[in-house]
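Visitor: I have a structure to look at and plenty to ask. Could you guide me through it?

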Amino acid sequence: MFDMIAGGVGITILGGILIGVAIGAMSLLTGRVMSGSSMVGSLLGGAEGVAATSIAFIGGIVAAPLIVIGFGFAQLDVVEPDLPVIVVGGLLVGLSARISGASLGAVMVGIARRRPRALLMLVIMLVGATLGGALRLLVDGGLGA
Amino acid sequence: MIRLVALGCGLLCGVGFLISGLYDPALAYGVPTEGGGPIAYGLALFAIVFISAVLAPLGAGRGAPLLGGADEPLPNWVGRRAIFGALVFGLGWGVSGYFPLSAFVSAGTMAPGAAVFLAAVLFGMLIVDVATGKRR
């Protein structure tokens with residue numbers, strides 16, 4: 001199923017819409033910010049009940065590909081960079097969460113709550129991502145090279 | 001009930017990532033795929049922002065989440081510290097092609113790097129916690 005529909009920008013946008021709906025539903029119903037950093041961070045400790053919600057959410061998001069693969073809908077291939085690069089990237093993302101609470105999910109919710117600063121944060125993140133991508137291409141010429 | 005909703009939102013979000021291809025670091029890098037590379041990636045991000053913004057008025061003035069409790073506060077994002085943090089996040093995202101939500105989905109496809117990425121995120125948080133004395 002996913003093989004058939006994975007071939008178009010329209011489908012990509014549809015996926016984005018689903019993610020947006022999930023962010024909105026999570027915020028409206030539970031008040032939680034659907035941010036991966038916040039979910040991971042709450043596992044390290046925090047208000048009671050928050051970690052449980054995080055675990056439920058993480059269970060859902062990890063189960064989605066397991067279901068898709070398990071029921072034979074699609075074989076999902078992930079093309080990853082080398083492990084050291086991934087470790088550096090993960091460390092930077094973890095540090096940023098503690099430096100300023102920067103995370104994509106949080107800025108999406110910020111935009112939904114009409115916080116102009118969230119839009120500014122998103123723009124700066126995209127600038128950083130462009131720099132990061134360029135840096136990686138400079139270092140080893142890109143994926144699988 | 002709140003946990004059930006969280007589970008459902010996680011599933012919905014996961015399906016969104018799967019059909020958009022946003023979980024795959026290759027798309028973030030702009031490696032041409034069937035999904036269409038960086039333009040599709042940008043459009044999907046825009047769709048997320050747009051839908052989040054459209055849904056916002058539904059919640060305006062309600063004061064509290066529909067299932068009870070309180071809204072999780074957002075960071076203030078004030079000053080140079082916020083800008084620095086956003087840049088650091090972007091660098092990590094750009095270098096690895098992952099951000100935490102996409103890594104969760106990729107971890108579910110058994111991609112080994114995704115689990116390593118999430119462990120590194122946790123470790124990065126712990127470093128700051130220990131350095132600032134919040135945790136020993």
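Guide: One term comes before the rest: helices here are DSSP runs of H or I with at least four residues, and strands are runs of E with at least two. Keep in mind that this is a predicted model.

Visitor: How many helices and strands are there in chain A?
Guide: Read chain A along its sequence, and the pattern is α-α-α-α-α-α-α. No strand interrupts that pattern, as the strand count is zero. The helix count of chain A is seven.

Visitor: And how many helices does chain B have?
Guide: From the N terminus on, chain B runs α-α-α-α-α-α. Its strand count is zero. The helix count of chain B is six.

Visitor: What percentage of the residues in chain A is buried?
Guide: A residue counts as buried with 20 or more other C-beta atoms within 10 Å of its own. Chain A has 145 residues to test. In chain B, with 136 residues, the buried part is 54%. In chain A the buried part is 53%.

Visitor: Among contacts in chain B between residues at least 6 apart in sequence, what percentage joins residues at least 24 apart?
Guide: Take chain A for reference: residues 24 or more positions apart account for 49% of its contacts with a separation of 6 or more. For chain B, the count also starts from contacts between residues at least 6 apart. The part that joins residues at least 24 apart is 38%.

Visitor: What span should helix H2 of chain A have, and how far apart are its end C-alpha atoms?
Guide: H2(A) covers residues 9-30, which is 22 residues. The expected span is 1.5 Å times one less than that number of residues, so H2(A) should span 32 Å. Its end C-alpha atoms agree with this, at 31 Å apart.

Visitor: Which residue just after H2(A) takes a positive phi?
Guide: Look just past the end of H2(A). The phi there is about 80°. The residue is A:Gly31.

Visitor: Which helix gives the largest share of the side of chain A that touches chain B?
Guide: The contact takes 101 residues from chain A and 95 residues from chain B. On the side of chain A, the elements that give two or more residues include H4, H5 and H7. The residues of that side divide into 64 nonpolar, 29 polar and eight charged. The largest share, 21 residues, comes from H2(A).

Visitor: Are H2(A) and H1(B) roughly parallel or roughly antiparallel?
Guide: Their axes are 7 Å apart and pack at an angle of about 165°. The crossing is left-handed. Their contact has 18 nonpolar, six polar and no charged residues. Angles over 145 degrees count as roughly antiparallel, so H2(A) and H1(B) are roughly antiparallel.

Visitor: How do H4(A) and H5(B) cross, left-handed or right-handed?
Guide: Their axes come within 7 Å and cross at roughly 45°. That makes H4(A) oblique to H5(B). Among the residues that meet are A:Ile58 and A:Leu66 in H4(A), and B:Leu101 and B:Phe104 in H5(B). The crossing is right-handed.

Visitor: Is B:Ala103 buried or exposed?
Guide: B:Ala103 is placed in H5(B), residues 100-108. Beyond its neighbours within four places in sequence, it contacts B:Tyr98, B:Ala114, B:Phe117 and B:Leu118. It has 31 C-beta neighbours inside 10 Å, so B:Ala103 is buried.

Visitor: How many of the residues of H6(A) are buried?
Guide: A:Leu104, A:Met108 and A:Ala112 are among the buried residues of H6(A). The helix is largely enclosed by the rest of the structure. The number buried is nine of the nine.

Visitor: Is B:Trp77 buried or exposed?
Guide: B:Trp77 lies in the loop between H3 and H4 of chain B. Its phi is positive, about 55°, although it is not a glycine. It has 23 C-beta neighbours inside 10 Å, so B:Trp77 is buried.

Visitor: What about B:Met110: where is it found, and is it buried or partly exposed?
Guide: B:Met110 is found in the loop between H5 and H6 of chain B. Its phi is near 70°, a positive value in a residue other than glycine. With 13 other C-beta atoms within 10 Å, B:Met110 is partly exposed.

Methods: Residues are numbered from 1 along each chain as its sequence is written. Chains are lettered from A and ligands numbered from 1 in the order in which they are written. This is a predicted model: local features need pLDDT of at least 70, side-chain atom pairs count only at pLDDT 80 or more; totals for chains, interfaces and linings use all residues. Two residues are in contact if their C-beta atoms, placed from the backbone, lie within 7 Å. Ala, Val, Leu, Ile, Met, Phe, Trp, Tyr, Cys and Pro count as nonpolar, Asp, Glu, Lys and Arg as charged, and the others, Gly among them, as polar. A residue is buried if 20 or more other C-beta atoms lie within 10 Å of its own, exposed if 12 or fewer, and partly exposed in between; C-beta atoms are placed from the backbone. Axes are lines fitted to C-alpha atoms, for helices over the stretch in contact, and angles run from 0 to 180 degrees between N-to-C directions. Angles under 35 degrees count as roughly parallel, over 145 as roughly antiparallel, 65 to 115 as roughly perpendicular and the rest as oblique. A crossing is left-handed if the near helix is turned anticlockwise from the far one by less than a right angle, and right-handed if clockwise.
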